[in-house]
Amino acid sequence: MIGIVVTGHGEFASGLTSAVELIAGRQEQYEVVTFNQDKTPETLSEDLKAAIERVNTGEGVLVFTDLKGGTPFKESAMLSASFSNIEVLTGTNLAMLLEASLMRMGDVEVQAFSRSLVETGASQVDFFELVLETSEDDFDGDGI
């Protein structure tokens, strides 16, 4: 099973994890690493390294981060160079994390899997537009 580490600013990681567990149940080989005001980048890196080691069974690890260029992303990216079979994803949303949690078992190659998760996440970004339908019958044409 591919391991999962979720990190981000504040309670980002624990909030998303709460939603994943509500929908898909408690997850194995899954760690949350928070980055709060009292944590330095060095401490975050140590926590991330320990979490990666705990979830890594040799099949790969996906590290989900919030903001590209943010400290959790940068520290994860730097750490990925010292491990093999680790993929760092950024811009994480619930759809991609939920799919990863549900589909990470079996014969899954971590790099290809991470690419498909990025596509899933991107496909879920949209906006709602209220369209009021009108017909010509609604207007009598005379005006006021």
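Let's start with helix α1, residues 12-24, which lies across strands β1 (3-9) and β2 and runs at about 130° to β1. Keep in mind as we go that this is a predicted model. Helix α2, residues 41-55, packs on the sheet as well, touching β1, β2, β3 and β4. Its direction makes about 175° with that of β2.

What are these helices resting on? The sheet is open and has four strands in the order β2-β1-β3-β4, with parallel pairing. At the edges sit β2 (30-35) and β4 (86-89), each of which pairs on one side only. Go from one strand to the next and the twist averages 15°. If you want to look at one pairing up close, try β3 (residues 61-64) and β4, which are joined in the parallel sense over four bridges. There you'll find Val63 standing opposite Val88 of β4.

Now back to α1 for a closer look. The helix has 13 residues and reaches 18 Å from its first C-alpha to its last, close to the 18 Å expected at 1.5 Å a residue. Which of its residues are buried? They are Ala13, Leu16, Thr17 and Val20. Look down the axis of α1 and these buried residues fall within an arc of 100°, so they line one face of the helix. As for what that face meets, the buried residues of α1 pack against β1, β2 and α4 (94-103). Just after the helix comes Gly25, with a positive phi near 85°.

Next, the charged pairs. The structure holds four salt bridges, and we can walk through some of them. One joins Arg26 to Glu21, with the closest N and O atoms 3.1 Å apart. Arg26 counts as exposed, at 71% relative accessibility, while Glu21 is partly exposed, with a relative accessible area of 27%.

Another salt bridge is made by Lys39 and Asp47, whose closest N and O atoms are 2.7 Å apart. Is Lys39 buried or exposed? Its relative accessibility is 17%, and the cut-off for buried is under 20%, so Lys39 counts as buried. Its partner Asp47, at 29%, counts as partly exposed.

Then there's the pair formed by Arg115 and Glu87, whose side chains meet in a salt bridge at 2.8 Å, N to O. This one links distant parts of the chain: Arg115 belongs to helix α5 (residues 110-123) and Glu87 to strand β4, 28 residues apart. Glu87 is buried, with a relative accessible area of 15%, whereas Arg115 is partly exposed at 43%. Recall that β4 is also one of the edge strands, and that helix α2 touches it too.

One last stop is Ser76, which you'll find in helix α3 (residues 71-80). Ser76 is buried, with a relative accessible area of 2%. What does Ser76 contact, leaving aside its neighbours within four places in sequence? The list is Thr7, Leu48, Val63, Thr65 and Val88. Two of those names should ring a bell: Val63 and Val88 are the residues that stand opposite each other in the β3 and β4 pairing.

Notes
Residues are numbered from 1 along each chain as its sequence is written. This is a predicted model: local features need pLDDT of at least 70, side-chain atom pairs count only at pLDDT 80 or more; totals for chains, interfaces and linings use all residues. Side-chain values use heavy atoms; hydrogens and water are left out. Two strands pair if DSSP finds at least two bridges between them. Helices (H or I, at least four residues) and strands (E, at least two) are DSSP runs, numbered from the N terminus. Axes are lines fitted to C-alpha atoms, for helices over the stretch in contact, and angles run from 0 to 180 degrees between N-to-C directions. Contact means heavy atoms within 4.5 Å. The expected span of a helix is 1.5 Å times one less than its number of residues. Buried means under 20% relative accessible area, exposed over 50%, partly exposed in between (1.4 Å probe, protein chains only). The arc is that of the directions from the helix axis to the C-beta atoms.
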